[in-house]
Amino acid sequence: MSSPSANLYKVKTIWLVSSLLIYLFIILSNGVAAQNDISVTNVGAIIDLNSRIGKEQKVAMEIAAESFNNKSSTHELILHFRNSLGEPFLAASAAEELIKEEKVQVIVGMEYWPEAVLVADHVKNQSQVVPVVSFGAPLITPPIIQHRWPFLIRMTSDGSAQMKCIADIVAAYNWKRVVVIYEDDGYGGYVGLLSLLSEALQDANAKIENHLVLPRLNSSVSEPAKWDEVEELLKLPTFQSRVFIVLQSSLPTVTNLFRVAKKMGLVRRESAWIFTECITSLLNPQGNYDMEGSLGIKTYYPTESSSYAEFQKEFQAKYAEGNNSKPGIYTLRAYDTINVISQAIERMPSNTASTSLQDMITRLLSNYKGLSGDMHFNKGEALLDSPRLRIVNVVDGKMNRELNFWTPNVGFSEGLDTNRIDVVGKVIWPGKLNRTPKGWEMPSVEKPMIIGVPGKTSFSKFVKVEYNKDNPDENTYDGFCIQIFYKVLSRLNYPLPYEFHAHDGDYDGLVEKVHNKTYDAVVGDITVLADRMDKVEFTQPYMGSGLSMVVPEVTDEEAAWMFMKPFTWQMWVVTGSILIYTMLIVWFLEHPTNPEFSGPLKDQIGTAIWFTFSSLFFAHREKVYSNLTRVVFILWLFVVLILTSSYTANLSSMLTVQRLKPNVTDIEMLKRTNARVGLDGDSFVYKYMVEVLRFKEVNLMNVSSEYYYTGYFKNKTILAAFLELPYAEVFLNKYCDGYTDNTPPNRFGGLSFMFQKGSPIARDFTRAILELLENGEIKKLQNEWLSPEEECTKNSTSNQPESLSLDSFSGLYVISGATSTFCFLLSLAIWLRRFQLQETNEGNASPSNENIWNKTVRIVKFFKLRDLEIPNRAPTFASYIVDWTTPRWGHYSPTSNTPEQPPVFTPGEIECTPVEHTETRV
């Protein structure tokens with residue numbers, strides 16, 4: 001039997017155990033209740049966990065989810081990761097699995113657009129549609145994308161901005177050709193990038209010369225056979241450009257690419273390599289020594305905030321593979337995506353469908369400020385407000401040399417808020433080159449520039465090749481064009497090894513050989529034409545060009561009419577008209593007072609004609625009585641003096657200069673008469689004559705040498721020769737006696753050198769040629785080679801004196817005619833006044849109803865029938881004024897029969913007063 005103390009102990013033990021059990025039960029009950037109050041959201045994440053970007057995104061998402069779960073007491077975010085390996089079908093299968101098994105409410109990831117497309121199509125076919133947030137987006141957005149996948153949200157960078165940035169880099173360094181390299185993803189994901197880049201380069205006056213598709217590798221050392229194939233592709237001389245643009249690639253592929261390129265000497269001086277942000281993110285920060293001097297593009301994002309510093313610290317702690325690397329834009333975008341989803345979940349009311357979650361996500365993205373920057377939402381796409389890119393330079397194997405910024409609105413700038421500049425920054429290029437690389441395969445001693453030279457030319461002064469039959473490499477080249485080439489070489493700031501190759505064909509064949517890269521350039525008398533510019537690059541023309549017609553000159557058969565040549569026919573007509581007009585005015589003014597102009601009408605006209613014509617030779621003897629006539633005559637003598645002096649001078653010039661004229665006047669006459677013409681059949685002239693000038697081919701004769709033209713002219717084989725303007729000048733300078741160029745030439749682009757399209761050497765040659773033109777060096781060469789003074793001492797093409805035209809004397813004629821007209825009108829007014837006063841005094845005033853004809857007849861009779869006494873001297877001009885104003889004429893009539901009562905005149909008045917004859921005229 002137990003003691004009371006033992007029983008008490010048992011009771012206490014039981015009570016303690018019972019209390020403990022009750023306490024534990026209460027705690028467990030509260031924990032289960034609390035757990036039942038937490039809302040769990042499952043998020044599916046489909047990424048390529050084998051890639052560096054995918055690994056960084058996974059760490060960033062986990063950090064964002066963990067941060068949210070630690071801060072929220074009512075919501076929990078659970079991430080379910082699936083590895084897509086970058087394969088769209090694996091991504092689609094993973095999406096279906098996440099929806100059915102994990103019951104995810106939203107799916108994120110899909111770095112590539114083909115993955116996003118298949119995932120969206122699978123989600124669309126599910127019974128429960130969940131929002132899909134894709135990191136990939138089409139570079140060219142289809143207009144119906146929102147109707148096809150209304151639940152798809154695209155968080156991505158603006159790919160077109162990167163392509164424009166690359167084009168601006170190409171334009172800044174004046175590169176004209178680029179080679180594009182990208183990795184084959186098997187789904188044509190590069191097509192959009194190529195289209196955007198090609199359009200941007202076109203705006204920069206550049207072009208994609210070639211593109212290289214790389215095989216896809218899973219590791220940096222796998223499948224070496226594929227890289228042997230790539231090496232063979234890079235060895236092909238199909239492109240001259242050394243500007244390489246790598247659009248997209250995995251890390252193993254791009255690493256092997258640079259290894260092979262450096263081995264082949266493609267990453268060296270005069271070359272340039274540019275890659276996009278997806279590759280920059282893969283390489284940051286370690287870089288690669290094989291990529292030395294390359295340029296990369298990355299999106300700029302602010303790093304000064306405390307939130308970024310906290311995230312970076314945690315990211316570097318959890319991502320051991322990064323070697324303390326800074327998170328890139330892809331990592332920050334993944335972090336922002338989970339943050340947006342977590343904020344949408346927290347703000348979303350309870351018991352809502354998944355579509356409400358999508359509405360909340362889009363509402364937040366419409367004005368969201370994340371670590372990757374300020375974003376806006378438009379038509380299913382979340383983009384940065386203003387893409388800001390930074391150019392980086394790989395130096396010493398590290399991608400930590402940051403250069404200038406680039407924005408779409410400004411272009412390059414040293415800071416975000418500074419003015420535009422035209423340079424990328426101080427770049428250290430491959431081979432430690434500090435100047436701008438040519439971006440072209442430059443010639444070397446081992447591989448010199450192959451320069452084609454016309455082997456046969458019509459005019460050897462331009463290009464002359466002396467062949468060495470035993471050794472073609474020892475051919476000698478000389479001429480005007482070759483000397484210009486040597487002058488240009490001396491002005492280049494770099495050596496240019498070259499080899500001349502004589503081309504035994506026509507000029508179009510030279511163009512084709514440059515176009516198909518047989519020749520690197522052509523030095524010679526090459527004419528710049530529009531259709532040739534589509535195939536080759538021309539330098540600045542060193543000489544003008546055009547098509548000129550050269551014809552023989554013959555003696556002028558119209559020498560018998562040489563005396564008519566000093567004046568044009570218009571000049572002769574107007575001179576004769578002025579002479580006749582002056583003659584009539586003199587007759588009208590002198591007839592009333594000058595007895596030599598009286599008598600029968602035919603005698604009066606004869607006297608007037610003789611007087612006027614004899615004045616041309618200053619041989620007139622007739623006296624002039626009227627002062628008005630003197631005024632007219634003085635002006636007329638001045639006109640005669642000018643005309644005779646000009647006529648004599650011009651006629652003397654015409655008789656002094658040899659009178660030759662072309663035997664062919666124009667092109668139409670040649671075509672109309674089917675005349676044969678000579679030309680250089682190896683040039684473009686033959687085609688131009690047929691297609692543009694419409695000559696018949698049977699009438700065109702190929703003349704292979706300048707020395708044959710004179711013989712063909714003399715034996716009438718050809719009537720004209722069509723030569724380019726420089727050749728015509730050389731021909732006329734040598735055969736200056738008897739030949740001339742007729743009709744204005746049809747102009748072309750000039751004579752120039754040719755290079756392959758996009759060659760930077762052509763630009764250097766252009767600059768050197770301009771300098772030679774400006775300082776007169778080319779003019780000196782032209783005088784030395786093409787038009788030496790000793791060749792022609794007589795220049796038959798000098799300008800013949802031209803006939804004097806009416807324009808030279810129009811002012812003189814106007815003054816003479818106006819003076820004669822004024823004197824005529826003044827005299828006529830005086831006689832009309834006398835007639836009126838006489839009619840009034842005699843009481844014969846014409847009735848008001850008298851017609852104009854009768855009145856005119858009476859006035860003419862008054863002028864014709866009056867008889868005058870010839871005064872001793874001519875009347876003065878003052879007498880005319882008195883005659884116009886005095887009333888005394890009203891008391892006297894020349895027909896009066898009372899001579900006993902003549903009027904009394906002063907001596908001044910009698911000079912112009914008519915005196916009645918002693919006999920009365922009936």
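Accessible areas here come from the Shrake-Rupley method with a 1.4 Å probe. By that method, the surface of the protein is about 46400 Å², and 55% of it belongs to carbon and sulfur atoms. The model on screen is predicted.

**The whole chain**

Start with everything shown as a cartoon. The protein has 28 helices and 30 strands. It has 922 residues, of which 49% count as buried. Now consider contacts between residues at least 6 apart in sequence: 74% of them join residues at least 24 apart.

**Stop 1: helices H3 and H4**

Select residues 88-100, which form helix H3, and residues 113-124, which form helix H4. The two helices pack at an angle of about 35 degrees, and their axes are 8 Å apart. The crossing of H3 and H4 is right-handed. To see the contact, show side chains. From H3, pick Pro 88, Phe 89, Ala 91, Ala 92, Ala 95, Glu 96 and Ile 99. From H4, pick Pro 114, Glu 115, Leu 118, Val 119, His 122 and Val 123. What kinds of residues make up the contact of H3 with H4? Ten are not charged or polar but nonpolar, one is polar and two are charged.

**Stop 2: Met 110**

Next select Met 110, in the loop between strand E3 (106-109) and H4. Most residues other than glycine have a negative phi. Met 110 is not a glycine, yet its phi is positive, at about 55 degrees. Is Met 110 buried or exposed? Its relative accessibility is 0%, so Met 110 counts as buried.

**Stop 3: Asn 674**

For another positive phi, go to Asn 674, in the loop between helix H20 (667-673) and strand E26 (677-679). Asn 674 is not a glycine, and its phi is about 55 degrees. The relative accessible area of Asn 674 is 37%, which makes it partly exposed.

**Stop 4: Met 399 and Leu 283**

Select strand E15, residues 398-407, and pick out Met 399 within it. With a relative accessibility of 5%, Met 399 counts as buried. Then add Leu 283 to the selection. Met 399 and Leu 283 are 116 residues apart along the chain, while their C-alpha atoms are separated by 7.6 Å.

**Stop 5: helix H14**

Move to helix H14, residues 480-491. How far apart are the end C-alpha atoms of H14? They are 17 Å apart; this agrees with the 16 Å that 12 residues should span at 1.5 Å a residue. Colour the buried residues of this helix: Phe 480, Cys 481, Ile 482, Ile 484, Phe 485, Val 488 and Leu 489.

**Stop 6: helix H24**

Keep H14 visible and select helix H24, residues 760-774. H24 has 15 residues and reaches 22 Å from its first C-alpha to its last, close to the 21 Å expected at 1.5 Å a residue. Its buried residues are Pro 760, Ile 761, Ala 762, Asp 764, Phe 765, Ala 768, Ile 769 and Leu 772. What covers the buried residues of H24? The cover includes H14, together with strand E18 (449-454), strand E23 (536-538), strand E30 (751-756) and helix H25 (777-785).

**Stop 7: Glu 771 and Arg 491**

Stay in helix H24 and select Glu 771. Glu 771 has a relative accessible area of 26% and is partly exposed. Finish by adding Arg 491. Along the chain, Glu 771 and Arg 491 are 280 residues apart, and their C-alpha atoms are separated by 9.0 Å.

Key
Residues are numbered from 1 along each chain as its sequence is written. This is a predicted model: local features need pLDDT of at least 70, side-chain atom pairs count only at pLDDT 80 or more; totals for chains, interfaces and linings use all residues. Side-chain values use heavy atoms; hydrogens and water are left out. Helices (H or I, at least four residues) and strands (E, at least two) are DSSP runs, numbered from the N terminus. Buried means under 20% relative accessible area, exposed over 50%, partly exposed in between (1.4 Å probe, protein chains only). Contact means heavy atoms within 4.5 Å. Axes are lines fitted to C-alpha atoms, for helices over the stretch in contact, and angles run from 0 to 180 degrees between N-to-C directions. A crossing is left-handed if the near helix is turned anticlockwise from the far one by less than a right angle, and right-handed if clockwise. Ala, Val, Leu, Ile, Met, Phe, Trp, Tyr, Cys and Pro count as nonpolar, Asp, Glu, Lys and Arg as charged, and the others, Gly among them, as polar. The expected span of a helix is 1.5 Å times one less than its number of residues.
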